[in-house]
Amino acid sequence: MKRKTTPMPVESDQSHNDPTRLWRELSGPVTLKHVALMEKLKAHYVTTSRDDQLAEEIELMIKNAMLRRDPSRPHAADNRCEGTALAIIAQSGAGKTKAMEHFLKDNPYFPNYGDPRGGCPLITVQTRAPATLAQLGMATMHGCGYPSQTHKAENEAWSLARFQLRHQNILISHYAEAQRIIKQKNRVERGKIVETLASLMTDLEWPLYLVLSGLQDLKKLFQNDFIEELDKEARDSHATLTRRTRFVEFKSIDPIHDRKDLDRGVGEYEKLARVTLKIAKEPEMRERICHAGARQFGLFFELLVMAIEVCVLSGRKAVMLQDFEAAYAARTMQPIELNVFANNYWREIDTTIIQHRKEDDEEDQPKPKKEKPRRSDT
């Protein structure tokens, strides 16, 4: 899909309230130079064929949104076809968030993405735990730029959310970390969420397109047993959601099959950082970094950037094995005997620890009841 000239971005109000401004003013040129380098490295994105797949799916949404339900009538909000959904599924550290951000950046179809008042037809909504219909409604409101700090009941929250979606001309709502819906154990709450998602797509007055991104558990949302057998209305909505959803899955990387992409990415970081990364292109070292990053594309380059930082802070120009060893230790807090870059038996080390992170889903778990104080026997 051909892109046109991108309009100038609208400056966010947040830029006038930056708490790090004082730190930058207090820092010397050496610190600021290092910050600028790391900023550039961490913002860099290595493209692969999966970016083409993601772009094709979202561009298909754009084309479908332009279709008229009744070709004999003029284009209008109430003459658009019903919406569809896209599920982006990947393991933690695969890079799905950055892939989405890369696609949206400077995309003329989504101008001023991230600014609720910038006119972008796509918003990103953070799915928080515990995932309830009310909280999802509140999060959608906030994604539309509705500034409410008061928690509202689900009916009021979704009434305001639907109004804002239409008022702000939002066509696509992206629900990030959508696997948290799966962690909702209440079957009634699950049914209400599914019914709401399905109704957003089939709303004749303002049909919405959905992007659901999350971990592998997100697949369970589309399985038949996600909804109770007896709840016919919810099961019908679940069938609608499943039927209208297409899928993009980011697979784990393979050091041999994905060698060209990995080496190309290493070369890009080498030029940006102006260091030598010859060691990272060696076959065994490439495999070791893949293993250390749990074979996830995003984690591979996260470790690479961390190793570059260790190297630069040490005043060297060539990244060494010890830099990766220090980076892995800082990222995982694992002892040296479990450090992939410090042992010859590195293939036997379980590196999934690098994917573990504390999520704000403790509220999903039932809280233990407080025991009543016992009376003394004396």
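A disulfide is a pair of cysteine sulfur atoms within 2.5 Å. A search of the whole structure, a predicted model, turns up 0 disulfides. The protein is built from 12 helices and 5 strands. Of its 378 residues, 44% count as buried.

**Fold and contacts**
- Take the contacts between residues at least 6 apart in sequence: 70% of them join residues at least 24 apart.
- The helix count is 12, and the strand count is 5.

**Cysteines**
- Cys290 has a relative accessible area of 0%. Buried means under 20%, so Cys290 is buried.
- Cys311 also has 0% relative accessibility, and therefore counts as buried.
- No pair of cysteine sulfurs passes as a disulfide, since the search finds 0.

**Largest pocket**
- The largest pocket holds about 630 Å³ of space.
- Its lining is made up of 29 residues. Nearest the pocket centre are Gly95, Lys98, Gly298, Leu299 and Glu302.
- Three elements give two or more residues each to this lining: helix 2 (29–43), helix 4 (96–104) and helix 11 (297–313).
- Helix 11 supplies the largest share, 8 residues.
- By character, the lining of the largest pocket splits into 12 nonpolar, 8 polar and 9 charged residues.

**Thr332, in helix 12**
- Thr332 belongs to helix 12, which covers residues 321–332.
- Its relative accessibility is 10%. The cut-off for buried is under 20%, so Thr332 counts as buried.
- The side chain of Thr332 reaches the backbone oxygen of Tyr328 at 2.8 Å.
- Beyond its neighbours within four places in sequence, Thr332 is in contact with Ile353 and Ile354.

**Gln184, in a loop**
- Gln184 sits in the loop that runs between strand 3 (172–176) and helix 7 (187–202).
- Is Gln184 buried or exposed? At 10% relative accessibility, Gln184 counts as buried.
- The side chain of Gln184 reaches the backbone nitrogen of Asn186 at 3.0 Å.
- Gln184 and Ala129 are 55 residues apart along the chain. Their C-alpha atoms are separated by 8.2 Å.

Notes: Residues are numbered from 1 along each chain as its sequence is written. This is a predicted model: local features need pLDDT of at least 70, side-chain atom pairs count only at pLDDT 80 or more; totals for chains, interfaces and linings use all residues. Side-chain values use heavy atoms; hydrogens and water are left out. Buried means under 20% relative accessible area, exposed over 50%, partly exposed in between (1.4 Å probe, protein chains only). On a 1 Å grid over the protein atoms alone, a cavity is a set of points where a 1.4 Å probe fits but cannot get out, and a pocket is an open set with protein on both sides within 12 Å along at least five of seven lines; lining residues have an atom within 4 Å of a point. Grid points are joined across faces, edges and corners, and a volume is the space filled by probe spheres set on the points. Helices (H or I, at least four residues) and strands (E, at least two) are DSSP runs, numbered from the N terminus. Ala, Val, Leu, Ile, Met, Phe, Trp, Tyr, Cys and Pro count as nonpolar, Asp, Glu, Lys and Arg as charged, and the others, Gly among them, as polar. A polar contact is a pair of N or O atoms within 3.5 Å; within protein, one must be able to donate a hydrogen and the other to accept it, and residues adjacent in sequence count only if both atoms are side-chain atoms. Contact means heavy atoms within 4.5 Å.
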